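Got your viewer open? Let's take a short walk through this model, one selection at a time.

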Amino acid sequence: MRNKSLTWMYCFIALFMLLFMGEPLFALHENYIVAGPVPFNPNRQVLNILYEPGAPAHIDPDQLKVEIFDINGDLVFEGQRSGGTVLPFTWSGRNMGGRMVHPGMYIIKLTVENTGTGAFGRRIIRIVVAR
C-alpha cells in the first residue's frame, strides 16, 4: 500500500515538473489571464479563458494550444487555435469523447506563441469542476 501511494506521489510531482518547465510566459503574462467561473459547473455554463479586464497593453498571440488534465495527469481535452484572435477560448466541460467530465480539480496548460515576434510562453491554471 505504501509503495503504491509513493508511486502516485512521484507521478504527481513529475507531472507538475513537466507542466511548469519552459520559458517564462512572454505573450501572455500570468497576471493578466484568467479562467472562470470557478468553481465551474459544466451543466450551467462554459469555462472562459480570457484576458483579465483592465490588463495593460500586451502582445496578442496568434497561436494557442489548450490542454486540460485531470488530477491524475490524464489528458481530458485538447484544443488549438491559430490565426487572428485566439482568446477568449471557451470549454464546455466535455472530454475529447464528448462526455461531461467528472467533478474535481483540473489543470489547464496553455501554450501561446506570436509567430511575428517570436514571443512564446506557457501558463498553468488550476480549476475546480463542480456540479
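One definition to carry along: a residue is buried when its relative accessible area is under 20%, exposed when that area is over 50%, and partly exposed in between. By that scale Glu78, at 34% relative accessibility, counts as partly exposed. Keep in mind, too, that you are looking at a predicted model.

**Stop 1: the whole chain.** Switch to cartoon view. You will find one helix and seven strands, arranged along the sequence as α-β-β-β-β-β-β-β. Of the 131 residues, 35% count as buried. The accessible surface comes to about 7,900 Å², and carbon and sulfur atoms own 56% of that. If you plot a contact map, look well off the diagonal: among contacts with a separation of 6 or more, 55% are between residues 24 or more positions apart.

**Stop 2: the core.** Select Ile49, Trp91, Ile108 and Ile127, the residues with the most contacts inside the largest nonpolar core, which has 23 residues. Which elements give two or more residues to this core? They are β1 (33–36), β2 (47–51), β3 (63–70), β4 (75–82), β5 (89–91), β6 (104–114) and β7 (119–129). The largest share, four residues, comes from β6.

Now centre on Ile127 and show its surroundings. Beyond its neighbours within four places in sequence, Ile127 is in contact with Ala35, Val38, Leu47, Trp91, Gly104, Met105, Tyr106 and Ile108.

**Stop 3: out to the surface.** From that list, pick Met105, which sits in strand β6. Is Met105 buried or partly exposed? Its relative accessibility is 32%, so Met105 counts as partly exposed. Add Val38, Ile71 and Val128 to the selection, and together with Met105 you have a nonpolar surface patch of about 290 Å².

**Stop 4: a charged network.** Side chains of opposite charge can pair when their charged atoms come close. Select Lys65, Glu67, Glu78 and Lys109 as sticks: a network of salt bridges links them. The whole structure has three salt bridges.

- Lys65 to Glu78 is 3.4 Å, N to O. This pair links distant parts of the chain, with Lys65 in strand β3 and Glu78 in strand β4, 13 residues apart.
- Lys109 to Glu67 is 3.8 Å, N to O. Lys109 is in strand β6 and Glu67 in strand β3, so this bridge ties together parts 42 residues apart in sequence. Both Lys109 and Glu67 are buried.
- Lys65 to Glu67 is 3.9 Å, N to O. Here Lys65 is partly exposed at 27% relative accessible area, whereas Glu67 is buried at 10%.

Notes
Residues numbered from 1 in each chain as written. Predicted model: local features only at pLDDT ≥ 70, side-chain atom pairs only at ≥ 80, totals over all residues. Heavy atoms only, no water. Core = buried A, V, L, I, M, F, W, Y, C linked by side-chain atoms within 4.5 Å. Buried < 20%, exposed > 50% of the residue type's maximum accessible area, 1.4 Å probe, protein only. Contact = heavy atoms within 4.5 Å. Patch = residues over 30% accessible without salt bridge, like charges linked within 9 Å, V, L, I, M, F, W, Y side chains within 5 Å. Areas by Shrake-Rupley, 256 points an atom, 1.4 Å probe, with all protein chains shown as cover. Salt bridge = Lys/Arg side-chain N within 4 Å of Asp/Glu carboxyl O.
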